Amino acid sequence: MTREKAIELLPEFICGGLPPAQHKEIAALLEMDTELYQAFEQEKLLDGMLRTQSWVRADSDFTNRVFEKAGLPLPNGDIAVDRVLGRLSTYAPIGTLILVGVLYGRPIVTRLWGLWRDALGWLGGTLGVESLQTSTTFAVTALTLVAISAIVAFDFFVRRDHSSA
Amino acid sequence: MAEDELLQRLRQGETRAFAQLVDNYKDMVINLVARMLGKSAEAEDMAQEVFLRIWKGLPKFRGEAKLSTWIYRITINLCIAQKKTARARAQFLPVDEPAIWSHPSMHTTAGNPYGEEAPLKARMEQLIPQMPEKYRTAITLYYLENLSYLEIGEIMDVPMGTVKSYLFRAKAWLRERLLPGEEK
């Protein structure tokens, strides 16, 4: 890799966005090339400064002023309450799942395990295989293939929808 | 609240949903404007104008892009238009441009103002609003708003490779002015 190319790739090298082989190559070049190393130091300094720029905050009255300017009536109630309710609606289902898991996790897992064993028994009988290990391997492989196909199909349809949008 | 739900309420003309949108995005917009224009007093006005455009444009927003992408686009387009007007006006009137953090209504949170890099960083923040438009937009979206190359490409309507090239040139532009003599 030329020095110019390496310099071009320095930003991605710093943030770890390069493929391992290219990353290794630049790391080796840095050991040997002082000019490249100097460029790397400059890039790091600039990158660090750009990432920690001052953050400007709108003051608390900003929303009211937008409403005044738009000639809109100020909404009743507190926006902060809306924000909390919004977060609740996001986290409530997750919380419920965790709660159900804690309360009924054990019986559910036991029941699922029973179902899995029954299914393996049925599969073994259908295939004429007596070993539980063979039917497990067969079932896991089949399920993995089904899952991969589902992911590929989903990805295909999502991409198609996006490109046609 | 999920973006879809917020959008649905906004399309129904719910002012409370609009208040929430302003509340969610005000810092993002005001920062972008402040970097693009470099003037605090105008940044506040311009950020308000952005939200007015959003409110008026909502019936036409079809939701093909993310809400934030659309908001970024409106902000950038308005800033570019504003810069053009200011340039035309500057031919007749000299304008004094104070640094954005000198305005009392703006509160800033700098990383470490006493560090060795502080003067260099202050100079860099003054330089950013003077950068060529494309570079300034890319560098602000990447570093300040933490967007990916892909998202920036969508906002600026350019391929990912072009975004990388803008960022590279933007930093070269900055390096030339910040670290003269050390330029490669």
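**Close-up views of a predicted model**

**View 1. Surroundings of B:Leu21 in the predicted model.** Leaving aside residues up to four places away in sequence, B:Leu21 touches B:Leu6, B:Leu10, B:Phe51, B:Ile54, B:Leu67 and B:Ile71. B:Leu21 is also one of the residues with the most contacts inside the largest nonpolar core, together with B:Phe51 and B:Leu174. That core has 67 residues. Helix α2 (residues 15-37) of chain B supplies the largest share of the core, 14 residues.

**View 2. A separate nonpolar core.** Apart from the largest core lies another, of 12 residues. Its members include A:Ala6, A:Ile26, A:Ala39 and A:Phe40. In soluble globular proteins, nonpolar side chains tend to be buried together.

**View 3. An aromatic pair between two helices of chain A.** Over all chains, the structure holds nine aromatic pairs. One of them is formed by A:Phe13 and A:Phe40, with 5.8 Å centre to centre and 75° between the planes. The pair counts as edge-to-face because the angle of 75° is over the cut-off of 60 degrees. A:Phe13 lies in helix α1 (residues 3-14) of chain A and A:Phe40 in helix α3 (residues 34-51) of chain A, so the pair links distant parts of the chain, 27 residues apart. A:Phe13 is buried, with a relative accessible area of 10%, and A:Phe40 is buried at 11% relative accessibility. A:Phe13, A:Tyr37 and A:Phe40 form one aromatic cluster.

**View 4. A stacked aromatic pair in chain B.** The rings of B:Phe61 and B:Trp70 are 4.4 Å apart, centre to centre, with 20° between the planes. This angle of 20° is under 30 degrees, so the pair counts as stacked. B:Phe61 has a relative accessibility of 7% and B:Trp70 a relative accessible area of 14%. Both residues therefore count as buried, the cut-off being under 20%.

**View 5. Helix α8 of chain B and what covers its buried residues.** Helix α8 (residues 160-178) of chain B has 19 residues. At 1.5 Å a residue the helix should span 27 Å, which agrees with the 27 Å between its end C-alpha atoms. The buried residues of α8(B) are B:Val163, B:Tyr166, B:Leu167, B:Ala170, B:Lys171, B:Trp173, B:Leu174, B:Arg175 and B:Leu178. Among these, B:Leu174 is one of the residues with the most contacts inside the largest nonpolar core. The cover over the buried residues of α8(B) includes α1 and α3 of chain A, and from chain B α5 (118-127), α6 (133-144) and α7 (149-156).

Terms used: Residues numbered from 1 in each chain as written. Chains lettered and ligands numbered in written order. Predicted model: local features only at pLDDT ≥ 70, side-chain atom pairs only at ≥ 80, totals over all residues. Heavy atoms only, no water. Phe/Tyr/Trp six-rings, centres within 6.5 Å; stacked < 30°, edge-to-face > 60°. Helix = DSSP H or I, 4+ residues; strand = E, 2+ residues; numbered from the N terminus. Buried < 20%, exposed > 50% of the residue type's maximum accessible area, 1.4 Å probe, protein only. Core = buried A, V, L, I, M, F, W, Y, C linked by side-chain atoms within 4.5 Å. Contact = heavy atoms within 4.5 Å. Expected span 1.5 Å × (residues − 1).
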